[in-house]
Amino acid sequence: LPPYVSWLSQKERNNFSKFLNALRQGQAPLSQQTISDDALIKWAYNVALTRHNIVVAAQEKRIAPMADMLNHATNPNCEITYDAEGNCLVNANADIAAGSPLTITLGDPTNPSPLFATYGFLDTDCPGIFCKAMELEEEMKELGYGFKDLLIGTEGGEIAPQVWDLFLYKLLKQANDANLPLFAEAVPQQQRGDEAAVSSALLPVHSGRAYVNNILTTVDSLTMKANSYDLATHPRVPVIVAHNDLVKRTFQKVQAQLNAMG
């Protein structure tokens with residue numbers, strides 16, 4: 001997997017390990033037989049992880065029968081709410097044709113990687129993917145950007161302004177450029193004119209081209225590795241390859257844009 005989704009997947013594995021350790025330390029009223037059944041514990045954990053609805057972010061999650069069967073869509077036709085008595089309500093937000101699936105959103109539709117890492121499916125209708133610049137996480141934090149801000153459009157390879165900000169900021173930082181504080185101050189206020197005035201000559205087209213070429217090479221290598229696995233023991237290989245193909249197609253469009261810049 002590419003670095004970002006691999007990092008997200010590792011976070012999920014770490015969360016499960018912490019959950020399992022807590023159970024085995026007696027922090028839940030379960031029998032020893034249950035706690036010792038690894039397959040049962042993993043099943044229960046994944047049911048809770050993939051079928052819950054967030055009621056209050058980072059505080060309250062619920063699982064409601066039937067509502068937990070609704071699938072994700074980039075443009076969902078339903079919304080789940082709870083009334084004062086705790087009853088789960090599913091309301092349509094548009095006319096739904098007979099026989100059509102009822103859908104909700106399971107996360108940010110502009111970035112499919114968290115959905116893939118948590119739920120194990122690829123949202124092929126997503127409008128964008130993260131630019132994969134995991135090595136610039138420190139600079140992302142300094143500029144106040146999150147992964148959802150640094151997107152590449154899947155339709156035409158459009159590069160979000162924040163991606164240019166990030167790479168230019170890194171170049172200024174490496175060069176110890178005196179304009180770095182001015183640039184860092186302009187970014188949160190989205191003063192694009194001030195940013196451009198810092199130094200138009202430093203726009204990282206060459207740096208971006210090299211970065212994109214490296215991403216494409218890495219994705220090809222990872223896909224080749226994934227295809228070498230036995231499907232009997234690695235059943236998720238097809239969706240991993242599909243994810244990598246989406247990344248490759250998107251970055252090929254970015255490559256074409258950068259090459260056209262000269």
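In the predicted model, the largest nonpolar core comprises 45 residues, and Phe-130, Leu-150, Ile-152, Val-163 and Phe-251 have the most contacts inside it. Two or more residues of this core are given by each of helix H1 (3-24), helix H4 (113-119), strand S7 (128-130), H5, H6, helix H7 (180-186), H9 and H10. Helix H10 provides the largest share of the core, with nine residues. In soluble globular proteins, nonpolar side chains tend to be buried together.

A search of the whole structure identified one cavity of 30 Å³ or more. The largest cavity holds about 130 Å³ of space. Its lining consists of 13 residues, and those closest to the cavity centre are Ile-159, Val-163, Phe-167, Gly-208 and Val-212. Helix H6 (161-174), helix H9 (205-227) and helix H10 (237-260) are the elements that give two or more residues to this lining. In terms of residue class, the cavity lining contains twelve nonpolar residues and one polar residue, with no charged residues. Val-163 thus appears both among the core residues with the most contacts and among the residues closest to the cavity centre.

Open pockets were also examined. The largest pocket has a volume of about 1100 Å³. It is lined by 38 residues, and Phe-116, Ala-117, Thr-118, Gly-120 and Arg-236 lie nearest its centre. At least two lining residues are supplied by each of H1, helix H3 (38-51), S3, H4, H9 and H10, and the largest share, six residues, comes from H3. The lining of the largest pocket divides into 19 nonpolar, twelve polar and seven charged residues.

The second largest pocket contains about 760 Å³ of space. Among its 32 lining residues, His-52, Ile-54, Leu-106, Gly-107 and Tyr-119 lie nearest the centre. The elements that give two or more residues to the lining of this second pocket are H1, strand S1 (53-56), strand S4 (78-82) and H4. By class, the lining of the second largest pocket has 17 nonpolar, nine polar and six charged residues. Helices H1 and H4 each give two or more residues to the nonpolar core, and each likewise supplies at least two residues to the lining of the largest pocket.

Eight salt bridges were found in a search of the whole structure. Glu-138 pairs with Lys-173, with 3.2 Å between the closest N and O atoms. Glu-138 is located in helix H5 (residues 137-143) and Lys-173 in helix H6, so this salt bridge ties together parts that are 35 residues apart in sequence. Lys-173 is partly exposed, at 27% relative accessibility. A second salt bridge joins Lys-248 to Asp-220, whose closest N and O atoms are 2.9 Å apart. This pair links distant parts of the chain, with Lys-248 in helix H10 and Asp-220 in helix H9, 28 residues apart. Lys-248 is partly exposed, with a relative accessible area of 26%, and Asp-220 is also partly exposed, with a value of 36%. Salt bridges that share partners unite Glu-138, Glu-139, Glu-142, Lys-170 and Lys-173 in one network. Another salt bridge is formed by Asp-149 and Lys-148, for which the closest N and O atoms are 3.5 Å apart. Of this pair, Asp-149 is partly exposed, with a relative accessible area of 22%, whereas Lys-148 is exposed, with a relative accessible area of 52%.

No disulfides are present in the structure. The sulfur of Cys-78 lies 11 Å from the closest cysteine sulfur, that of Cys-88, and this distance is too far for a bond. Cys-78 is buried, with a relative accessible area of 6%. For Cys-131, the closest cysteine sulfur belongs to Cys-126 at 14 Å, which is likewise too far for a bond. Cys-131 is buried, with a relative accessible area of 2%.

Positive phi values were found at residues other than glycine. Met-66 has a positive phi of about 80° and is situated in the loop between strand S2 (60-62) and strand S3 (71-72). Met-66 is exposed, with a relative accessible area of 67%. Lys-132 has a phi near 70° and lies in the loop between S7 and H5. In contrast to the exposed Met-66, Lys-132 is buried, with a relative accessible area of 1%.

Technical notes: Residues numbered from 1 in each chain as written. Heavy atoms only, no water. 1 Å grid on protein atoms, 1.4 Å probe; cavity = no way out; pocket = protein on both sides within 12 Å on 5 of 7 lines; lining within 4 Å. Points joined across faces, edges and corners; volume = space filled by probe spheres on them. Helix = DSSP H or I, 4+ residues; strand = E, 2+ residues; numbered from the N terminus. Nonpolar A, V, L, I, M, F, W, Y, C, P; charged D, E, K, R; others polar. Salt bridge = Lys/Arg side-chain N within 4 Å of Asp/Glu carboxyl O. Buried < 20%, exposed > 50% of the residue type's maximum accessible area, 1.4 Å probe, protein only. Disulfide = S-S within 2.5 Å. Core = buried A, V, L, I, M, F, W, Y, C linked by side-chain atoms within 4.5 Å.
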